[in-house]
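Have the viewer ready and the sequence panel open. We will go from stop to stop, selecting a few residues each time.

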Amino acid sequence: MLDIFNTDPFSVVSLTDAINHTKYVPGRLSQLGIFLETSVAVTTVTFEERNGILTLVAPSPRGGPGQTVDKGKSNLRAVPIPHFQIDDAIMAEEVQNVRPFGQESGLETVMAKVDERMQMHSQSMAATQEYARVGAYKGIVTYMDGSTLDLFDLFGVQQDSEVDFDLDNANPAPGALRKKCAQVVRQVANTLDGVPYGYLRAECSDSFFDDLLSHPEVIDSYKGTSMAEVLRRGYILPDGSKIFGAFEFGDIVWENYRGKIGGTKFIADDKCHIAPMGVPGLFRTVYGPADYVDTVNTLGRRLYMRQRLMRNEKGVEIDVQMNNLEYCTRPKALIKGKRT
């Protein structure tokens, strides 16, 4: 009799490789590719904060010398890598009659059932990661259990006051909106203190974006020009990618962020979040190892999947997990805005 779930395609290595290559529709921040991804072999990472910049500290041998730290200029902080896991099962009844008894001809059909589950769980993990990345973009990472990682507290800094763009004003003063944008540009430049960046990007809620796009200054800027189409439809960015609901004004690229989990919106109503693009290592992702015996002290991967036979042998238990930490190395440069 073929022990189908102990064949090579169902090993932890094969399953992990498969789920890491499973295609899914990522969130917007994942599409932008602004998060630098690294892997570590530990479950808690230590950060060194020096002059307002957060960096990872390299691991050192147990019992050996550690990294030298300048006590007057640096602070060390340890942060555990969050663990996300989905438990599932494929029952024997689900794959009944997919292959003749004792033969391997149904192996691909059974693997298709496993792949179906991996697709579903991979999408859930992708949404979870995007939610954490949006949190890092805001400066406060919120997890679905209500816990948070406040990057401002971690750094010991305060976020600048929320910028009121006064978008509900029916009769705004001429140039008032552009002045607000200039204020934000200067704030970020002063915070970065000479560090070069490409441009500012704002991720906006529906209500914020709609009122901004219909603001008299924005309309006057585009009306009668070759770019007037931006007032009606998406804006084609310089790299040629088509982004629905994005345009540039006041040296900031404004984008209508669309994403939510159930009833939880990634960007709150009437809000926007602004960050500089092109700053080296501004947004980071750290992957830690899975909590399996054979992955202890190995470099983490984005996703893992493992299966094991149930005690009553009526099915196979599977779990999919992700161990990742999303953060911003310069949260002071993150600006929050409101519609009114």
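Start by selecting D193, which is exposed with a relative accessible area of 67%; exposed means over 50%, buried under 20%, and partly exposed in between (1.4 Å probe, protein chains only). D193 sits in the loop between helix 5 and strand 9 (199-204). Helices here are DSSP runs of H or I with at least four residues, strands are runs of E with at least two, and both are numbered from the N terminus. The phi of D193 is near 55°, a positive value in a residue other than glycine.

Before moving on, a word on what you are viewing: this is a predicted model, in which local features need pLDDT of at least 70 and side-chain atom pairs count only at pLDDT 80 or more, while totals for chains, interfaces and linings use all residues. Residues are numbered from 1 along each chain as its sequence is written, and side-chain values use heavy atoms, with hydrogens and water left out.

**Helix 5**

Now step back from D193 into the helix that it follows. Select residues 176-192: helix 5 has 17 residues, and at 1.5 Å a residue it should span 24 Å, which agrees with the 25 Å between its end C-alpha atoms. The expected span is 1.5 Å times one less than the number of residues.

Which residues of helix 5 are buried? Color L177, C181, V184, V185, Q187, V188 and L192 to see them. Look down the axis and these buried residues fall within an arc of 155°, so they line one face of the helix; the arc is that of the directions from the helix axis to the C-beta atoms. Turn to the other side of helix 5 and you will find K179, R186 and N190 exposed.

Zoom in on L177 in helix 5. L177 is buried, with a relative accessible area of 2%. Leaving out residues up to four places away in sequence, L177 touches F165, L167, L212, H215, E217, V218 and F249, where contact means heavy atoms within 4.5 Å. For a distance to check, try the C-alpha atoms of L177 and P216: they are 9.3 Å apart, with the two positions 39 residues apart along the chain.

**Helix 6**

Next, select residues 206-213, which form helix 6. Its buried residues are F208, F209, L212 and L213. They cover an arc of only 120° around the axis, which puts them on the same side of helix 6. L212 is also among the residues that L177 touches.

**The nonpolar core**

Where do the contacts of the largest nonpolar core concentrate? This core has 69 residues, and those with the most contacts inside it are F165, V184, F247, W254, I274, F283 and L325. A nonpolar core is a set of buried Ala, Val, Leu, Ile, Met, Phe, Trp, Tyr and Cys residues joined through side-chain atoms within 4.5 Å. Highlight helix 3 (residues 107-138) as well, since the largest share of this core, 8 residues, comes from there.

**Cysteines**

Select C204 and C272. The sulfur of C272 is the closest cysteine sulfur to that of C204, but at 5.0 Å it is too far for a bond. C204 counts as buried, at 0% relative accessibility, and C328 is buried with a relative accessible area of 0%. The structure holds 0 disulfides, a disulfide being a pair of cysteine sulfur atoms within 2.5 Å.

**Two more stops**

Select N297, in the loop between strand 17 (283-287) and strand 18 (304-309). Its phi is near 60°, a positive value in a residue other than glycine, and N297 is exposed with a relative accessible area of 62%.

Then go to T44 in strand 2 (residues 44-50). T44 is partly exposed, at 37% relative accessibility. Not counting residues up to four places away in sequence, T44 touches A78, V79, P80 and I81. The C-alpha atoms of T44 and V79 are separated by 5.6 Å, although the two residues are 35 apart along the chain.

**The whole view**

Finally, zoom out. The protein has 7 helices and 20 strands, and buried residues make up 44% of its 340 residues. Of the contacts with a separation of 6 or more, 75% join residues 24 or more positions apart. The protein exposes about 17500 Å², with carbon and sulfur atoms supplying 50% of it; accessible areas come from the Shrake-Rupley method with a 1.4 Å probe, and for residues only the protein chains shown count as cover.
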